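Work through the exercises below with the structure open. Each task comes with a stepwise solution.

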Amino acid sequence: MATSTQGVNLDPEKQTLLNQHQEKHFTAGEIVRDIIIGVSDGLTVPFALAAGLSGANATSSIVLTAGIAEVAAGAISMGLGGYLAAKSEADHYARELRREQEEIKSVPDTEAAEVAEILAHYGIEPHEYGPVVSALRKKPQAWLDFMMKFELGLEKPDPRRALQSALTIAIAYILGGFVPLIPYMFIPSAQDAVIASVILTLAALLIFGFAKGYFTGNKPFRSAFQTALIGAIASAAAFGMAKAVHP
């Protein structure tokens, strides 16, 4: 259905229409965003590190050890960053909720005027929004929800969001981070392993970029090219700098 109508009183005809109407909206935006952040950094940062160390003539074992350490540290750092960001968002919502709740109690006429102003912005005439304002004033919780969404533009965050974001980003970073390190597990020579790492990682970046474009509504092939290009530039810069410092 278009939206959840649980606990909402609708006449049977409208309820039937909603039951029959299936909308194919993509609703996992936050999870996809976390996966994109984790995989994107996971593929790019260890890739650039491995290329840089290979350019400095390090052995495959050293590259692998440093790469694993970076993946572990990066996953913790990125996961913690995701947790703090989501926690800050939840704290901000709770703070604004308390402030709006207090304003509804202390200055109800002003808050009612704000409801009228919001509805007027949608082209609704005074005689049309008057009953809506009156109805909301009789339902404090609905009034509060309306103000949070339409005045402040805030959606109630999922209480599990912070932990979910941290785990999603961290796991995605680990999965992406091990891709460029796989060749170093099987090829003793870092100079040979880096070539295999470049091929494998660029292929992974192309696939990831295509999937990212598909799920976010952008052009998949363009997204794939851009993602691979960024990874290639990062690794080439790291490799070139390492060669310049350690010929």
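**Exercise 1.** Describe the spans 193-211 and 166-187 by helix content and end-to-end distance.

Solution. Start with residues 193-211: this span is 100% helix and 0% strand. Its end C-alpha atoms lie 27 Å apart. The model is a predicted one. Next take residues 166-187, with 82% helix and 0% strand. Here the end C-alpha atoms are 33 Å apart. Then check the record: the unreviewed UniProt entry lists both spans as "transmembrane region", along with 223-242.

**Exercise 2.** Find which helices supply at least two residues each to the nonpolar patch.

Solution. List the members: L80, Y83, L84, L163, L167, I171 and L175. Together they offer about 700 Å² of accessible area on the surface. Now assign helices. Both α3 (60-106) and α7 (161-178) meet the requirement of at least two residues. The largest share, four residues, belongs to α7.

**Exercise 3.** Classify L163 as buried or exposed.

Solution. Locate L163 in helix α7. Read its relative accessibility: 53%. The cut-off for exposed is over 50%, so L163 counts as exposed.

**Exercise 4.** Place I174 and identify what it contacts beyond its sequence neighbours.

Solution. I174 also sits in helix α7. Its relative accessible area is 35%. That value falls between the limits of 20% and 50%, so I174 is partly exposed. Set aside neighbours within four places in sequence; I174 then contacts V71 and A75. Finally, compare I174 with I76: they are 98 residues apart in sequence, and their C-alpha atoms are 9.7 Å apart in space.

Key: Residues are numbered from 1 along each chain as its sequence is written. This is a predicted model: local features need pLDDT of at least 70, side-chain atom pairs count only at pLDDT 80 or more; totals for chains, interfaces and linings use all residues. Side-chain values use heavy atoms; hydrogens and water are left out. Patches are made of residues with over 30% relative accessible area and no salt bridge: like charges are joined within 9 Å, nonpolar side chains (Val, Leu, Ile, Met, Phe, Trp, Tyr) within 5 Å. Accessible areas come from the Shrake-Rupley method with a 1.4 Å probe; for residues, only the protein chains shown count as cover. A salt bridge is a side-chain nitrogen of Lys or Arg within 4 Å of a carboxyl oxygen of Asp or Glu. Buried means under 20% relative accessible area, exposed over 50%, partly exposed in between (1.4 Å probe, protein chains only). Contact means heavy atoms within 4.5 Å. UniProt positions are given in the numbering used here, feature names are shortened, and annotations may be inferred rather than shown by experiment.
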